Amino acid sequence: MKRLPHDWQRALTPLLETPEIHQLHTFIQTIYASEKTILPPAEDLFTAFRLTPLASTRVVILGQDPYPTPGHAHGLAFSILPPHSIAPSLRNIFKELIDDIGSTQLIDTNLTPWAQQGVLLLNTILTVEAHASLSHAKKGWEFFTDSVIQTVSQHCPHVVFVLWGNKAQTKIPLIDDKKHLILTSAHPSPLSARHGFFGSKPFSKINHWLSTHGLSPIQW
């Protein structure tokens, strides 16, 4: 947990002293010391927090767990390091982005530029065993990331929370909807994108909300 940037550490100090987090810390140490391939690499575990300080957070896009294919995950939800092939969900995100705002920019699967503008690309589970999706569910990450969501809700003004799919939408009670905008739709995966994700126009809605509250829009 010492890898967390200092501003996040300060905000999460009460959480970091709980038994649940001590158990999670032991779990993290154990998996990275094992012979199994754990994704993302340990040095990328908190990339989302490093690139998006708490005070800069304007948007939260919630994912599930890291890509289980070695080389893909680098600590940002939905983002993939090149030159690896694009994942189906990310492909659909880009399709909706183009349909929504007519973006003609060169689209990069590495979403670091979004994170650097205040888009917290947060998975609810931050690690996974290679080739085994959800292998680290119910190991303590959900307690940690629920607390992150609540911290953003409490400390940041006028944030847009983007919750794609039913699992992400279970986090709605953690968010103060009187202060923040909550955008919900189907998940961008091929199984559900045509049932409410396509046509939901999240990117223009995010920028409209930010502009309305005197904040700079995201350069998607």
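In the predicted model, F49 is buried at a relative accessibility of 1%. Its partner F46 is likewise buried, with a relative accessible area of 5%. The rings of F46 and F49 form an edge-to-face pair, with a centre-to-centre distance of 5.7 Å and an angle of 75 degrees between the planes. A second edge-to-face arrangement is found between W164 and F197, where the ring centres lie 5.3 Å apart and the planes meet at 85 degrees. W164 belongs to strand β5 (residues 160–164), while F197 is located in the loop between β6 (181–185) and α9 (202–212), so this pair ties together parts that are 33 residues apart in sequence. Both W164 and F197 are buried. Over the whole structure, the search returns 12 aromatic pairs. Ring pairs also join W8, F46, F49, W141 and F144 into a cluster.

Charged side chains were examined next. Side chains of opposite charge can pair when their charged atoms come close. Three salt bridges are found in the whole structure. In one of them, K36 pairs with E129, with 3.7 Å between the closest N and O atoms. K36 is placed in the loop between α3 (19–33) and β1 (38–39), and E129 in strand β4 (residues 128–129), so the contact ties together parts that are 93 residues apart in sequence. K36 counts as exposed, since its relative accessibility is 52%, whereas E129 counts as partly exposed at 24%.

A salt bridge also connects K171 and D146, whose closest N and O atoms are 2.7 Å apart. Here K171 lies in the loop between α8 (166–169) and β6, and D146 in helix α7 (residues 141–155), so the pair ties together parts that are 25 residues apart in sequence. K171 is buried, with a relative accessible area of 11%, and D146 is partly exposed at 21% relative accessibility.

The salt bridge between D99 and K95 has its closest N and O atoms at 3.3 Å. These two residues are four places apart in helix α5 (residues 88–101), and about one helical turn therefore separates them. An α-helix has 3.6 residues a turn, so residues three or four places apart point the same way. D99 has a relative accessible area of 45% and is partly exposed; K95, at 39% relative accessibility, also counts as partly exposed. In addition to the salt bridge with D99, K95 lies over the face of F198, at 4.8 Å from the ring centre.

Helix α9 has a buried side formed by P202, F203, I206, N207, W209 and L210. Viewed down the helix axis, these buried residues fall within an arc of 160 degrees, so they line one face of α9. The face turned away from the buried side carries the exposed residues H208 and T212. Elements covering the buried residues of α9 include β2, α5, α6 (112–116), β5 and β6. Just after α9, G214 adopts a positive phi of about 75 degrees.

The loop between β2 (59–63) and α5 contains I80, which counts as buried because its relative accessibility is 0%. Residues up to four places away in sequence aside, I80 touches Y67, H72, H74, S85, I86, A87, L90, T109 and N110. The C-alpha atoms of I80 and Q64 are 14 Å apart in space, and the two residues are 16 apart in sequence.

Backbone geometry was also considered. Most residues other than glycine have a negative phi, and most peptide bonds are trans. F78, a residue other than glycine, has a positive phi near 75 degrees. F78 lies in the loop between β2 and α5 and is buried, with a relative accessible area of 10%. The peptide bond from P82 to P83 is cis, with omega near 10 degrees, and P83 is found in the loop between β2 and α5. A cis peptide bond also joins L39 and P40, where omega is about -5 degrees; P40 is situated in the loop between β1 and α4 (47–51). A positive phi, near 65 degrees, is likewise found for L134, a residue other than glycine. L134 occupies the loop between β4 and α7 and is partly exposed, with a relative accessible area of 32%.

Notes. Residues are numbered from 1 along each chain as its sequence is written. This is a predicted model: local features need pLDDT of at least 70, side-chain atom pairs count only at pLDDT 80 or more; totals for chains, interfaces and linings use all residues. Side-chain values use heavy atoms; hydrogens and water are left out. Rings of Phe, Tyr and Trp (its six-membered ring) pair if their centres lie within 6.5 Å; planes under 30 degrees apart count as stacked, over 60 as edge-to-face and the rest as tilted. Buried means under 20% relative accessible area, exposed over 50%, partly exposed in between (1.4 Å probe, protein chains only). A charge sits over a ring if NZ of Lys or CZ of Arg is within 6 Å of the ring centre and within 35 degrees of the ring normal. A salt bridge is a side-chain nitrogen of Lys or Arg within 4 Å of a carboxyl oxygen of Asp or Glu. Contact means heavy atoms within 4.5 Å. The arc is that of the directions from the helix axis to the C-beta atoms.
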